[in-house]
Amino acid sequence: MTVADRLRVFVVDDHALIRSGIRVELGNEVEVVGEADEVAAAIEMILERRPDVVLLDVHMPGGGGRAVLEAVTVLAPDIAFLALSVSDAAEDVIDVIRSGARGYVTKNISGTDLLDAIYRIADGDAVFSPRLAGFVLDAFADPTGQRMPVPPFDPELDQLTPRERDVLRLIARGYAYKEIARELGISVKTVESHVSAVLRKLQLANRYQLSNWAAERRIQ
Amino acid sequence: MDDRVLGGVCGGLASRLRVGTRTLRILAVLSVVVGGIGIVAYMVLWIAVPTADECSSIGGRVVGDRRQLQVVLAFSTAVLAVLLVLQALGLNGFGIPAWTVLSGAVGALVVWRGASPAELVRLREAVNAAPVIGSTPDKGWRLFATRALIGAFLIIFGIAELSRAGSFSGAAFAVLIGAVAFVGGFLVLFAPWWARTLRDLSTERRERVRAEERADMASHVHDSVLQSLLLIQKSAGDPAEVTRLARIQERELRHWLFNPAMLGRRADQPATFAVAMADIEREVEDTYGVGIELILVGDCPMDGPTTALVGACREASVNAAKWSGCTEVTVFAEVEHDAVSVFVRDLGQGFEPSQVPEDRKGIASSMVDRMARHGGRVTVSSAPGTGCEVALVLPRHHGDR
């Protein structure tokens, strides 16, 4: 890959230490076209520089990653966002995904895994960390179980297929896509399409059900 | 000076004048009943004379603090308005008692705002002990009945007084109009000030709550975060120890930030599966310096079989931490309607399950036996160089509950 067609990446995080850490992790594989430490500057610079992928911190003063997502996706829907956070709060994570991020990884991810996630996102796929997969499994609890908070509003969107559930379980167990494909006897492409389908459901599903779930988790 | 009933005025006066405290108290009560001058005198003494163990009087403290002074002045003008309205209505029956009672109320406010913290605590106790007006959280019908009775009495009394001054259509009508205009005037003059004072008071309360929260946060940061940072600096030469300390601190902070409810409930509520799993995470991370990525889906109460499952999971996590050689172990646990499954996975060196040394086989079989007693099963999948995964599956039975 020549310098000219390296992926263009933009980093948004309010901590300088994290930003420089990410730069080091990414190395020369991708081109970091800029970084921002607050919401307003991030929106302006992203729209100006048009990166392929934005690494977005969930927690920031002034509206957080969600504010950046909402402002940018309206004007430039082709820019892909990967949420990067130390947060364990389920509602924060689900919030950025529903606002349009195509994936969520935690900040302790290794450099190679992060690069892998960036390429995947740039290709239009979704990236789920084990934790996000766990959240989604929890949110779309098994309809045969007792934990279904409300009856599905739209079965197409509010439920996961058994296959999607299998894929999410393996992600939560720490399997890479290639390992999942081998385990389930399907192609990596099929794994990717299952994950993208889950992402779509997550973004479009009945808001009431999901917020109910998040609120329930908070009470626990 | 513990010789006090309310403000300690009688006690102080008695020791100064060298007369019996009881005599003075009886005189004071009499002077309140007869004309009510006693109230004003008592208040003035209470406010103006400092107690034996303090150097400033209540009055001095209130005058010295601009905000307290503002509150007192705002209240005083309101009281003055009420008094003047009563006067204008010509209700002579009120006369002197009304003046004394209301100036007593102003005095009480001054005492409340200016009292020293120690005195406030005592006053609060005294008020709470009082049967009717007390702010005790007693919400029974008795309290309601008392309030209704007093309210009804005052309303009937007011109507009687008004009709004594003349019929509504007659003389009293003009008086009423005058009174309303008078009140209106007072409101126009003072209402903004009163409103601001009230707002200041609620701001003050909010600030106090916030300050308490901040103090709470600061003490937590001090107790745990600063201590950890100190320990990390001290063991800077030992990377494993630094990682371990940082991990402990990270987990504690996360727990504190994202799961505050969990902290409070652990002692008195029965442990659930999720809590037991979090305990394993903590224990293995602390003991072996290996990160456990714990992902939980669902939760259930603990019982015999689940305890066995958690024990087996602990065994598997410890094995992974001890033997795999990697720094991160993923534990995924899912509680479903008819089964609980736990997967412990590492990406370490792996091994050939058929060729494990005797001691490790022993641990594996103890895991297997333990699970088998409750109808569960254990699957270990590993090969050299590909890491290892232990799957523990326990069926749940709902029929026998």
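Helix H13 (residues 304–323) of chain B lies across five strands: E1, E2, E3 (339–346), E4 and E5 (388–395) of chain B. The helix runs at about 5 degrees to E3(B). The model is predicted.

**The sheet under H13(B)**

The strands form an open sheet in the order E1-E2-E3-E5-E4 (chain B), with mixed pairing. Strand E1 (291–297) and strand E4 (377–382) of chain B are its edges, each pairing on one side only. Neighbouring strands are turned by 10 degrees against each other on average, direction ignored.

Three of the pairings are listed here.

| Strand pair | Sense | Bridges |
|---|---|---|
| E1(B) and E2(B) | parallel | 7 bridges |
| E3(B) and E5(B) | antiparallel | 8 bridges |
| E4(B) and E5(B) | antiparallel | 6 bridges |

Individual residues fix the register. Leu294(B) stands opposite Val331(B) in E2(B), a strand that covers residues 328–335. Ser341(B) has Val393(B) in E5(B) as its bridge partner. Val380(B) stands opposite Val390(B), also in E5(B). E4(B) and E5(B) form a hairpin with 5 residues between the strands. Within this hairpin, Gly385(B) takes a positive phi near 90 degrees.

**The nonpolar cores**

The largest nonpolar core holds 100 residues. Those touching the most other members are Leu55(A), Leu56(A), Leu82(A), Val136(A), Leu309(B), Cys313(B) and Leu392(B). H13(B) supplies the largest share of this core, 8 residues.

Which residues does Cys313(B) touch, not counting those up to four places away in sequence? They are Ile280(B), Val331(B), Val342(B), Val344(B) and Leu392(B). Val331(B) is the residue opposite Leu294(B) in the parallel pair.

A second, separate core has 15 residues. Among them are Tyr42(B), Ile58(B), Val72(B) and Val111(B).

**Helix H12(B)**

Helix H12 of chain B covers residues 273–288. At 1.5 Å a residue, its 16 residues should span 22 Å. The end C-alpha atoms are 22 Å apart, so the expected span and the model agree.

The buried residues of H12(B) are Phe273(B), Met277(B), Ala278(B), Ile280(B), Glu281(B), Val284(B) and Glu285(B). Two glutamates, Glu281(B) and Glu285(B), are in that list. Seen down the helix axis, the buried residues fall within an arc of 155 degrees, so they line one face of H12(B). Ile280(B), one of the buried residues, is also a contact of Cys313(B). After H12(B) comes Gly289(B), with a positive phi near 65 degrees.

Methods:
Residues are numbered from 1 along each chain as its sequence is written. Chains are lettered from A and ligands numbered from 1 in the order in which they are written. This is a predicted model: local features need pLDDT of at least 70, side-chain atom pairs count only at pLDDT 80 or more; totals for chains, interfaces and linings use all residues. Two strands pair if DSSP finds at least two bridges between them. Helices (H or I, at least four residues) and strands (E, at least two) are DSSP runs, numbered from the N terminus. Axes are lines fitted to C-alpha atoms, for helices over the stretch in contact, and angles run from 0 to 180 degrees between N-to-C directions. Two residues are in contact if their C-beta atoms, placed from the backbone, lie within 7 Å. A nonpolar core is a set of buried Ala, Val, Leu, Ile, Met, Phe, Trp, Tyr and Cys residues joined through C-beta atoms within 7 Å. A residue is buried if 20 or more other C-beta atoms lie within 10 Å of its own, exposed if 12 or fewer, and partly exposed in between; C-beta atoms are placed from the backbone. The expected span of a helix is 1.5 Å times one less than its number of residues. The arc is that of the directions from the helix axis to the C-beta atoms.
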